[in-house]
Number of protein chains: 2
Amino acid sequence: MLKNAPSTEEKIKEAARKLFVEKGFGNATTRDIAECAETNVALVNYYFRSKENLFQAVFQESFAQTFLPIAGILNDDLPLEVKIYKFVDHITELLKRAPMLPIFILSEMRGEHAPMCRAMQQAGAMEPAAGFQRQLEEEAAKGNIRPVDARQVETNLMALVLFPFLSMNILKMKHQMGDEAFNNFVDERKKIVPETILAYLRSGLG
Amino acid sequence: MLKNAPSTEEKIKEAARKLFVEKGFGNATTRDIAECAETNVALVNYYFRSKENLFQAVFQESFAQTFLPIAGILNDDLPLEVKIYKFVDHITELLKRAPMLPIFILSEMRGEHAPMCRAMQQAGAMEPAAGFQRQLEEEAAKGNIRPVDARQVETNLMALVLFPFLSMNILKMKHQMGDEAFNNFVDERKKIVPETILAYLRSGLG
DNA sequence: GTCTATAACGGGATAGAC
DNA sequence: GTCTATCCCGTTATAGAC
């Protein structure tokens, strides 16, 4: 039986994922979630003790799903240029499948939600990318790139890859794009973003 | 009387601005807002007919406050390099004073909220920056920069400037920054971001 | 484990006195 | 314009039968 029918608990979590990510904690109701999972509110509270609890579970998974790959690739043992292309390509593909994850995570982290902080630290994605920083220092020492602040470069990479998804609705309206046009738009960025990052790193080098 | 005491209506709007921006529509209550404005719920509904209505007013102002300057500067009549530096500097300073505006706007635009769309179009900030596009085409024709898609360049500029504010809480945690350190971090970007954009535009030019 | 029914509460909105 | 009191609904959560 490779394709088990999902358990009730899993159906609830699945529905919660969908609705929390789509509408946020405050705008999604347990009734919505129960209905979407084709059960009732009582079962939601049977499996997860409260709405808050269910939300934590969903948020933590979403956070890990998004930020572990980011930290992972940055600390990979790959040549700088290869790594940057791989980063942009992989994260873009990940987000094409789950385009609302970034806005979900960032919007739920407004105001210092203490519970969120715990979720993040345990995910281990909160350390600055030490491997990436070392790599940038070594390349600068070899004269291959200019000396840079790794935090800023990391921020630039994340910004260029995540922002189109964060602002997806505005982008679609502004440029009259549908889903397909939007996907093409971010696919083009698989070339543009690495070129941008690398052009900066290599600029002003004799 | 240069410094009038704010009217009740203005105090309510002010409180709504603070709480909606901080917590979002679904997590802010009319009672919160009334208390924060030092009045009562009845007056909130007296001046604005409903919570939804009050929210629209706040959102529309916030949207204009953020996106009109962006469109404005991009279509300014300035040399390309000067314009880019001005853009980054001005938007950064604007956001240092209201750092949560971007995440507020983008998070409230998840799911195609019809009312939001109207708010945006009337703000006139939804046209692609035609002046900027023409300028990039002219510069490319002159051989000063490579030929580019203006939408992509505009996206890159916005991404690099807005993203640090969108991810402010994560950045602060990840790099142990307080308010002052964060401000220094974004100030450094006033140099880094234009250099990044310009390095890309000028790369691969014989 | 699953359901129906209901308790307990909070939120948006209004009536009506001042 | 401002306030108190209240209505009414939606929401979370639980009790209890099956």
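Visitor: How many residue pairs are in polar contact across the interface of chain A and chain B?

Guide: Start with the idea: a polar contact is a pair of N or O atoms within 3.5 Å. Keep in mind that this is a predicted model. Between chain A and chain B, the rule picks out 18 residue pairs in polar contact, counting pairs where both residues have pLDDT 80 or more.

Visitor: Which helices of chain A supply residues to the side that touches chain B?

Guide: Helices that supply at least two residues each include α1 (8-23), α4 (51-74), α6 (101-108) and α7 (114-123) of chain A. Further along the chain, α9 (150-166), α10 (168-174) and α11 (179-202) also do so. The biggest giver is α9(A), with 12 residues.

Visitor: And by class, what is that side of chain A made of?

Guide: You'll find 30 nonpolar, 14 polar and 13 charged residues there.

Visitor: How many salt bridges cross the interface of chain A and chain B?

Guide: For a salt bridge, look for a side-chain nitrogen of Lys or Arg within 4 Å of a carboxyl oxygen of Asp or Glu. By that rule, 6 of them cross between chain A and chain B. Try finding one yourself: Lys174(A) reaches Glu154(B), with 2.8 Å from N to O.

Visitor: What area is buried between chain A and chain B?

Guide: About 4,900 Å², and carbon and sulfur atoms give 64% of it. On chain A's part, Arg110(A), Phe163(A) and Lys174(A) supply 16% of the area it buries against chain B, more than any other three residues. So you meet Lys174 again: besides its share of that area, Lys174(A) has the salt bridge to Glu154(B). If you prefer to count residues, 57 of chain A are in contact with 57 of chain B.

Visitor: Which surface do the copies meet through?

Guide: To read this, compare the interface residues of the two copies. Here 100% of those in chain A are also interface residues in chain B, so the copies meet through the same surface.

Visitor: What turn lays chain A on chain B?

Guide: A turn of 180°, with a shift of 0.0 Å along the axis, and the RMSD is 0.1 Å. The two copies are therefore related as by a two-fold rotation axis. To spot that axis from chain A, go to Gly26(A): its C-alpha is the nearest in the chain, 2.2 Å away.

Visitor: Let's turn to the DNA. Which residues are closest to DNA strand C?

Guide: Of the 13 residues that surround DNA strand C, the closest are Thr8(A), Tyr47(A), Thr30(B), Arg31(B) and Lys51(B). Zoom in on the phosphates: a polar side-chain atom of Tyr47(A) is 2.5 Å from a phosphate oxygen of the strand, and Thr30(B) has one at 2.7 Å. Asn40(A) also has a side-chain N or O atom 3.0 Å from a phosphate oxygen.

Visitor: Which helix gives the largest share of the surface near DNA strand C?

Guide: That's α3(A), with 4 residues. From chain B, α2 (30-36) and α3 (41-47) each supply at least two residues. By class, this surface has 5 nonpolar, 6 polar and 2 charged residues.

Visitor: What do Lys96(A) and Asp187(A) form?

Guide: Their side chains make a salt bridge at 2.9 Å, N to O. Lys96(A) sits in α5 (residues 80-97) and Asp187(A) in α11 of chain A, so the pair ties together parts 91 residues apart in sequence. Over all chains, a search of the whole structure finds 42 salt bridges.

Conventions
Residues numbered from 1 in each chain as written. Chains lettered and ligands numbered in written order. Predicted model: local features only at pLDDT ≥ 70, side-chain atom pairs only at ≥ 80, totals over all residues. Heavy atoms only, no water. Contact = heavy atoms within 4.5 Å. Buried area = accessible area lost by both parts, 1.4 Å probe. Polar contact = N/O pair within 3.5 Å; in protein donor to acceptor, adjacent residues only side chain to side chain. Nonpolar A, V, L, I, M, F, W, Y, C, P; charged D, E, K, R; others polar. Near = heavy atom within 4 Å. Least-squares fit on C-alpha atoms with pLDDT ≥ 70 in both.
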